[in-house]
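Subject: Structure for your review

Dear colleague,

Please find below the sequence and structure that I am handing over to you. My notes on what was found follow directly after.

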Amino acid sequence: MGNPKAFLTIPRKEAGYRPIHDRIHDFGEVEQTLNSNDRRQQASRCMDCGVPFCHWACPLGNKPPEWNDALYKGDWELAYRLLNATNDFPEFTGRICPALCEKACVLNLMEHEPTTNREDEAAITEHAFAEDYIRINHPERNGKRVAVIGAGPAGLVAANRLNLKGYSVTVYDRNEAAGGLLRYGIPNFKLNKQVIDRRLHLLEEEGIVFEYGTDIDVTHLPAGFDAYVIATGTPTARDLKIPGRDLKGVYLALEMLSQQNRVLAGMEFKKDQLVNAKGKDVLVIGGGDTGSDCIGTAHRQGCKSVTQIEIMPKPPVGPDDPKNPWPTWPRTLKTTSSHEEGCTRRWNINTLEFVGKDGKLTGVRVQEIDWKPNPEGGRPLMVEKGKPELIKADMVLLAMGFLKPEQPQFADNVFVAGDAANGASLVVRAMASGRKTAAEVDKFLNR
């Protein structure tokens, strides 16, 4: 630990976002970066705690004290080696991870100014690419073959780990490129897709074979492999089957998000196929990260207004959460860069009906509600409050999460990873699952 008292004299400093008036006119990444001197100063704030709760909180078991110390001392290459030892793709998590480690940081308990681990992680990795610290590995092959079904974060991590152990790995994906929700769910203004492509080129150079446009039936897996990893994610979004669902203008969130990312990649769509918010009053149903991504995308498409509604109560305005005390994740109100760009947010709102004219959406009938304790225990009871109202809307985006897939009974040499196994969760958890699954495959094939 280079500077044990830095946290006393150096305040937390974030890179921040590009100005709103500038960023809403393009899909470039909204987050800025600090200069290398400021970044090293931020790394010096890490206290190398006797009990590093950041290790405990991170699903990957990342070790911020170690690589922050290396960064502070100016050894960027060592910082990357330490980071990459636990995190296969830190350029992804450094941009989109909610930084569970920061919420568990002792400085978050003391001052609510945790070490900037996520930004440090991104800076370390970008420096590693710029200075050519990333080495191409050509592992000696062991003669065994593994198929990975699904090229999302879990599948990519599993493929990477198995490839480095000497297995011949083929990754199948039904889309035209790898990345899963990294590519087709997360907007470019949070994760530029060139960042994904840069890593994919390395994986290909290291011997991983990618087969795109191949929709594999997991009950009829391709022959010729010694083991299989199912990493197909959670493909089924939670829908809202209420009157008016068939009106034109009601879409699942990924219909908009994935199409917009494909448009930015150069794909063309017919005018009547476009899911575009230009000039429209947009209503987003669902208060999570996907809903936030819809808000930011709607702004960039030129919407007239955006409203976001959530059926659950408004979370407490932090930083503390009495129900989830440190070092657990505080379930407090989250305001994203997209919310800052303009959005009416409402909670305790139940959606009753989509209203339209001539087959097109014109509004949504909603009901304000309250939640009261269930005398029999379990889920609280929903009770109506006031009278129903109509929210004007030309477009509705359903961002209510995804259904956990039900997997069939597989043979002993088939392993399930990521959201396909656990249901929708964070990218960092999917990556951790991919790593764990790769270890299980390796153990199975070396019995």
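How many nonpolar, polar and charged residues does the lining of the second largest pocket have? Please bear in mind throughout that this is a predicted model. The lining holds 6 nonpolar and 6 charged residues, together with 3 polar ones.

The second largest pocket

This pocket, the second largest, has a volume of about 340 Å³. Its lining consists of 15 residues. Those that lie nearest the centre are Asn84, Asn137, Asn160, Leu164 and Glu206. Three helices each supply at least two residues of this lining: H6 (76–86), H11 (153–164) and H13 (193–205).

The sheet that contains S1

One open sheet is formed by 5 strands, in the order S3-S2-S1-S4-S14, with parallel pairing. At its edges are strand S3 (209–211) and strand S14 (414–416), each of which pairs on one side only. Neighbouring strands in this sheet are turned against each other by 20 degrees on average, direction ignored.

Within the sheet, strand S1 (residues 145–149) and strand S4 (residues 227–230) run parallel and are joined by 4 bridges. If you wish to locate this pairing in the model, Val146 has Ala227 in S4 as its bridge partner. Helix H18 (residues 427–445) lies across S1, S4 and S14, and runs at about 165 degrees to S14.

The sheet that contains S7

A further open sheet is made of 5 strands in the order S5-S13-S6-S7-S8, and here the pairing is parallel. Its edge strands are S5 (250–252) and S8 (344–347), each pairing on one side only. From one strand to the next, the twist averages 20 degrees.

Strand S7 (residues 305–310) is joined to S8 by 4 bridges, and these two strands run parallel. Glu310 stands opposite Trp347 in S8.

Two helices lie across parts of this sheet. Which strands does helix H14 (residues 253–264) lie across? Helix H14 covers S5 and strand S13 (395–398), and runs at about 70 degrees to S5. Helix H15 (residues 289–301) lies across strand S6 (281–285), S7 and S13, running at about 170 degrees to S7.

As background to both sheets, strands of a sheet pair through backbone hydrogen bonds, either parallel or antiparallel.

With kind regards

Terms used:
Residues numbered from 1 in each chain as written. Predicted model: local features only at pLDDT ≥ 70, side-chain atom pairs only at ≥ 80, totals over all residues. Heavy atoms only, no water. Pairing = 2+ DSSP bridges. Axes fitted to C-alpha atoms, helices over the stretch in contact; angles between N-to-C directions. Contact = heavy atoms within 4.5 Å. 1 Å grid on protein atoms, 1.4 Å probe; cavity = no way out; pocket = protein on both sides within 12 Å on 5 of 7 lines; lining within 4 Å. Points joined across faces, edges and corners; volume = space filled by probe spheres on them. Nonpolar A, V, L, I, M, F, W, Y, C, P; charged D, E, K, R; others polar.
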